[in-house]
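Here is a short set of exercises to work through with the structure open beside you. Try each task before reading its solution.

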Amino acid sequence: MPSKDDVYAYALSKTLTKVSSPATVGLYSSCQNRINLILRQVEVHVEKESLRMEQEHNGRSRPRSAKPSFTGFLALIGRLLFYNPVRTEENQHHHNIRFIHVHFSAWHFAGSDLLWAGLAIRLFQAMQDNFGEFPLVLYRVAQHDEDEEIKKKTVEDGPNEWKSKKYCCCPLWFLFPSVLLAALIILVVLVKYGFPETEIEADQGGDEASASQVGVMEGLAIASLGIPAAGTARFAFLLVKNLIFNQDLNIRRGMDNERVSNQLGFMNEVRKEMWLLSSFIRFMEVFERRRIRVVLKITNLDRCSPRKIVGVLDAINILLSDQESPFISILAVNPDVLVQKVNFADGCLSKEDRAYAFLDRIVTLAFTVPPLCEASKRNVFYSLTRQSHITEDIDINEEKQKMKSYTKTSLCLDASSVENAQESSNIPLIDKTATPEFREEEVENLINSAFESIHGSHKGNLSNYILDDGMTIRRVVNTIRMTVIILKALETEVPPPETIAAWVVLANQWPCRLSWIFQCLEDDQQRAEIDDINEADTDDSKTLWDIFSNSSAELYVMRTQIEELLERDGDPEMFELFLKVDFPFTVKDMKKFKCATVNLDQTIRKELGQIRGKSKLKESGWMRNLAPLPIRSLINMSAEDVCKELEKMQYPDRYADIVKSNDLNGMALVFGDVDDLKLLLQMTFGEWTTFRLHFLGFPSRLRPQNKTAQLSPHRLQNQLSRSPYLHDHHSSTRSLGIS
């Protein structure tokens, strides 16, 4: 039985085979081990999927091997030298696909001021490792044309995928060997017979004409040998030059040279090289008869400084997002750390520059790894204990080995111990990669039905709730596909396709409000367990709109602290129309979708829960009757409830009479003016202090500050110095532009 992480990795891999490039996947989790595990499993699953697709291929011609034989290598060289690829309908929509996995650890390049240039270096190294350095250099010399980027791309309708290069209307594959053969014949004739010798005598009238004819013949012979030789020499010179001084070395030299790296044209030069890589991959797609996608796995980016993080995100958006780019970038990070750092980067002044808006412009598929279930936690625990036992055994073996002898060899680790140590260090937390089993045709039918329901919904037109920008539509399409696969792989009751599409739209358009509903339900269930109330299990038939409307007053009170989260949500009236009229989801529906809601950022729930918990203290000891009431409890209190609280606090009865006569319920206490309330109650200073502490929370100087408020440079610097997320080993506050 596959674990949930296996299901998530499988669903992500299946989606990657269908997603259109370029694409950026946000793989979000606070656990780096789970990120690494899912990335490894995704690589295994996509290779299995691509192999399955090739085995089921019934096309006109089968794809070439990814590792060609000697004859295949000669065929590649011939195509590079003498032919140009032709864009056809067939080679633009190949069924088969090949993935090239490239791992970019941002921490390895964190010492450079231009972290984003490390992306280009790593991609060049990967292309050379996969295709070979010589074909890439030969493509640059024989095929690449920088002006092709601005030329109009045309797709021809025909079976021919290659067009011969021509010179003077003669195919180059025929002209080149013909010229070489002719030059070789002339050279052999000259070496064997030589030129005829002519004696110049003054009395012979025709001698001068004869000598000139010989000179013309010599010139023609030299020209016939020199032109091909010069062309061949120039071609060989460019080939050797690019082999020695490749672009990987040029980018490194540009990064090390501060004068070059500060020039505005440096990124443009790197962009041209990315265009070269894209063009080369498109050439290889035609040659191999399959799609080629480069999966760039970006890890450890959240460990870098804010300025460098923004630079890498800009590079993904600029360098790797060309319309015909074959790159699929997987941004594997802790979203909580990343958001905090991006918000403190230079130039983060407007709403569009903030982290969430910035990521929404880049990420085409957000995949938030849900929390570990009980079974997965158990597997992680046993895996960690197994690793510790292995390590202890290795240490014991080493000690025994040292006790046997004091020779030189005893000072070194035994080879088997080293191998075991390496194997134990590489044991994943969940060390099995299982593939879910279900019918592919059934899943594809569900996905297509969900797509069709967006415009043909019976309950309401879902397209009205989707923003009209292409990035949002791509996120919805990719997430629907992944959600269907997860639900099917988990072997749960799959809801109707229209309901699946509506849930994806809900999580995509209103992430903060949906996270708030999740948090309210979770808190109510935990409170029921604490109070040991058996009947408090949430009514599954209760609608999500009822839960939201009952707690909306509390959300309103918190609005200043979650302003940035609320800005991610769409139109509030459309949210009410969605949940109240068109798609009245219930708690039962939420439970079905909980494990498959991967497009909802879990850090939003975490932050909402933390803010909610700050208003509640543990009621014990001397604070038992003075602890501030939770906002959600205070808002729902009636005047009678307020009187009961005053009685517990041993206040005189006259204050209860004032509360009853003025109907001072919880809503009045929360939203009323504090000065008017103080004047109305006419308490002593001590009584008012206790009343305010219990009913109105902490004094203003102790309340949490507004996170989105503008800070002065001095206060901002102090906040940075206290935050553990905003430091790395290579930077200080000066890297943020703070003096």
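The exercises below deal with a predicted model.

**Exercise 1. Getting an overview**

Find how many helices and strands the protein has, and what share of its residues is buried.

Solution. Start with the secondary structure, which comes to 31 helices and 9 strands. Next, turn to burial: of the 739 residues in the protein, 45% are buried. Finally, look at the contacts between residues at least 6 apart in sequence: 82% of these join residues at least 24 apart.

**Exercise 2. Reading the sheet**

Work out the strand order of the open sheet and name its edge strands.

Solution. Step one is the order: 5 strands line up as β3-β7-β8-β1-β9, with parallel pairing. Step two is to look for strands that pair on one side only, and these edge strands are β3 (97-105) and β9 (365-368). Step three is the twist, which averages 20° from one strand to the next.

Now walk through some of the pairings. β3 and β7 run parallel and are joined by 9 bridges; here Ile100 has Val294 of β7 as its bridge partner. β7 then pairs with β8, again in the parallel sense, over 5 bridges, and Leu296 is partnered by Ser329 in β8. Between β1 (residues 23-28) and β9, which run parallel, there are 4 bridges. Val25 has Leu365 of β9 as its bridge partner.

Two helices that pack on the sheet complete the picture. Helix α17 (residues 470-489) touches β1 and β9, and its direction makes about 45° with that of β9. Helix α2 (residues 32-55) touches β1, β3, β7 (291-299) and β8 (327-333), with a direction about 160° from that of β3.

**Exercise 3. Two faces of a strand**

Which residues of β7 lie on each side, and are they buried or exposed?

Solution. Begin with a general point: in a regular strand, side chains alternate between the two faces of the sheet. Sorting β7 in this way puts Arg291, Arg293, Val295, Lys297 and Thr299 on one side. Ile292, Val294, Leu296 and Ile298 are on the other. Both faces are covered, and the count agrees, with 9 of the 9 residues of β7 buried.

Repeat the sorting for β9. Leu365 and Phe367 are on one side, Ala366 and Thr368 are on the other, and all are buried.

**Exercise 4. A crossing of helices**

Why is α19 described as roughly perpendicular to α20?

Solution. First take the geometry: the axes of helix α19 (residues 511-531) and helix α20 (residues 544-557) come within 10 Å and cross at roughly 95°. Angles of 65 to 115 degrees count as roughly perpendicular, so α19 is roughly perpendicular to α20.

Then list the residues that meet. From α19 come Arg513, Trp516, Ile517, Cys520 and Leu521, and from α20 come Leu544, Ile547, Phe548, Ser551, Glu554 and Leu555. By class, this contact has 8 nonpolar, 1 polar and 2 charged residues.

**Exercise 5. Into the core**

Find which residues touch the most other members of the largest nonpolar core.

Solution. This core holds 148 residues, and those touching the most other members are Leu27, Leu301, Leu313, Phe578 and Phe585. Helix α10 (residues 265-288) gives the most to this core, with 11 residues.

Take Leu27 as a worked case. Leaving aside neighbours within four places in sequence, the contacts of Leu27 include Leu12, Ile35, Ile38 and Leu39. Also among them are Ile330, Leu331, Ala332 and Val333, as well as Phe367 and Val369.

**Exercise 6. A charged residue in a helix**

Why does Glu54 count as buried, and which residues does Glu54 contact?

Solution. Locate Glu54 in helix α2. Buried means under 20% relative accessible area, and Glu54 has 18%, so this residue counts as buried. Beyond its neighbours within four places in sequence, Glu54 is in contact with Arg62, Pro63, Asn96, Ile97 and Arg290.

For a last step, compare a whole helix: in α5 (residues 133-142), 7 of the 10 residues are buried. Among them are Leu136, Tyr139 and Arg140.

Key
Residues numbered from 1 in each chain as written. Predicted model: local features only at pLDDT ≥ 70, side-chain atom pairs only at ≥ 80, totals over all residues. Heavy atoms only, no water. Pairing = 2+ DSSP bridges. Axes fitted to C-alpha atoms, helices over the stretch in contact; angles between N-to-C directions. Contact = heavy atoms within 4.5 Å. Parallel < 35°, antiparallel > 145°, perpendicular 65-115°, else oblique. Nonpolar A, V, L, I, M, F, W, Y, C, P; charged D, E, K, R; others polar. Core = buried A, V, L, I, M, F, W, Y, C linked by side-chain atoms within 4.5 Å. Buried < 20%, exposed > 50% of the residue type's maximum accessible area, 1.4 Å probe, protein only.
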